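Subject: Structure for your review

Dear colleague,

Please find below the structure that I am handing over to you. My findings follow directly after it, and I would ask you to read them with the structure open.

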Amino acid sequence: MQTRITLAELPRDQQRCLTTAVRCNGLTAKRVGWVGMHFHELEGCSIHLSGPVAGLARRGLLSISSAGGIARPTDDGIALINGVAVEREVRA
């Protein structure tokens, strides 16, 4: 099923996680959770749990590496942060 989503429709933790991923050019898995790959002054030391990361990956807004240690924003994820509503296939 295709549906149109906007950033405001995402749960708050997924909004923050996607914002960090876009600002920091991706996320990397650490013992404490997922953190930005590159420093960005607005993110500081933001830490995200695996739930929001997995939820964004299911929506096609993050792409997780095959090894599972790196998550990068997709083109749709970047568009969502920039205020563009995207059409995504929704999976349960």
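Setting aside its neighbours within four places in sequence, Ile70 is in contact with Leu27, Thr28, Trp34, Met37, Ser63, Ile64 and Ser65. Please bear in mind that this is a predicted model. Ile70 belongs to strand E5, and its relative accessible area is 32%, so Ile70 counts as partly exposed. One of its contacts, Trp34, lies 36 residues away in sequence, yet the C-alpha atoms of Ile70 and Trp34 are 8.7 Å apart in space. Another, Thr28, stands opposite Ile70.

The sheet

Strand E5 is part of an open sheet of 4 strands, arranged in the order E3-E2-E5-E4 with antiparallel pairing. Which strands form the edges? They are E3 (33–36) and E4 (62–64), each of which pairs on one side only. From one strand to the next, the twist averages 30°. As general background, the strands of a sheet pair through backbone hydrogen bonds, in either a parallel or an antiparallel manner.

Two of the pairings may be followed in the structure. Strand E2 (residues 27–30) and strand E5 (residues 70–73) run antiparallel and are joined by 2 bridges. E2 also pairs with E3 in the antiparallel sense, over 4 bridges. In that pairing, Leu27 stands opposite Gly36 in E3. The connection from E2 to E3 is a hairpin of 2 residues.

The helices on the sheet

Helix H1 (residues 12–23) lies across E2, E3, E4 and E5, and runs at about 110° to E2. Helix H2 (residues 50–58) also packs on the sheet, where it touches E2, E3, E4 and E5. The direction of H2 makes about 105° with that of E4.

How do the two helices meet, and at what angle? H1 and H2 pack at about 80°, with their axes 9 Å apart. Angles of 65 to 115 degrees count as roughly perpendicular, and H1 is therefore roughly perpendicular to H2. On the side of H1, the residues at this contact are Asp13, Gln14, Cys17 and Leu18; they meet Pro52, Val53, Gly55 and Leu56 in H2. Sorted by class, the contact has 5 nonpolar, 2 polar and 1 charged residues.

Gln14 deserves a separate look. This residue sits in helix H1. Is Gln14 buried or exposed? Its relative accessible area is 9%, and the cut-off for a buried residue is under 20%, so Gln14 is buried. Leaving aside neighbours within four places in sequence, Gln14 is in contact with Pro52, Gly55, Leu56 and Arg59.

In H2, Pro52, Val53, Gly55 and Leu56 are buried. Viewed down the axis of H2, the buried residues fall within an arc of 165°, so they line one face of the helix. A general point is useful here: an α-helix has 3.6 residues a turn, so residues three or four places apart point the same way. The buried residues of H2 pack against H1 and against E2, E3, E4 and E5.

Two positions with positive phi

H2 is followed by Gly60, which has a positive phi, near 80°. Asn25 also has a positive phi, of about 60°, although Asn25 is not a glycine. Where is Asn25 found? It lies in the loop between H1 and E2. With a relative accessibility of 42%, Asn25 counts as partly exposed.

The chain as a whole

The protein chain contains 3 helices and 6 strands. Starting at the N terminus, its elements run β-α-β-β-α-β-β-α-β. Of the 92 residues in the chain, 36% are buried. Among contacts with a separation of 6 or more, 53% are between residues 24 or more positions apart. The contact of Ile70 with Trp34, at 36 residues apart in sequence, may serve as an illustration to look up in the structure.

I suggest beginning with Ile70 and its contacts, then turning to the strand order E3-E2-E5-E4, and ending with the place where H1 and H2 pack.

Yours sincerely,
A colleague

Conventions
Residues numbered from 1 in each chain as written. Predicted model: local features only at pLDDT ≥ 70, side-chain atom pairs only at ≥ 80, totals over all residues. Heavy atoms only, no water. Pairing = 2+ DSSP bridges. Axes fitted to C-alpha atoms, helices over the stretch in contact; angles between N-to-C directions. Contact = heavy atoms within 4.5 Å. Buried < 20%, exposed > 50% of the residue type's maximum accessible area, 1.4 Å probe, protein only. Parallel < 35°, antiparallel > 145°, perpendicular 65-115°, else oblique. Nonpolar A, V, L, I, M, F, W, Y, C, P; charged D, E, K, R; others polar. Arc of directions from axis to C-beta.
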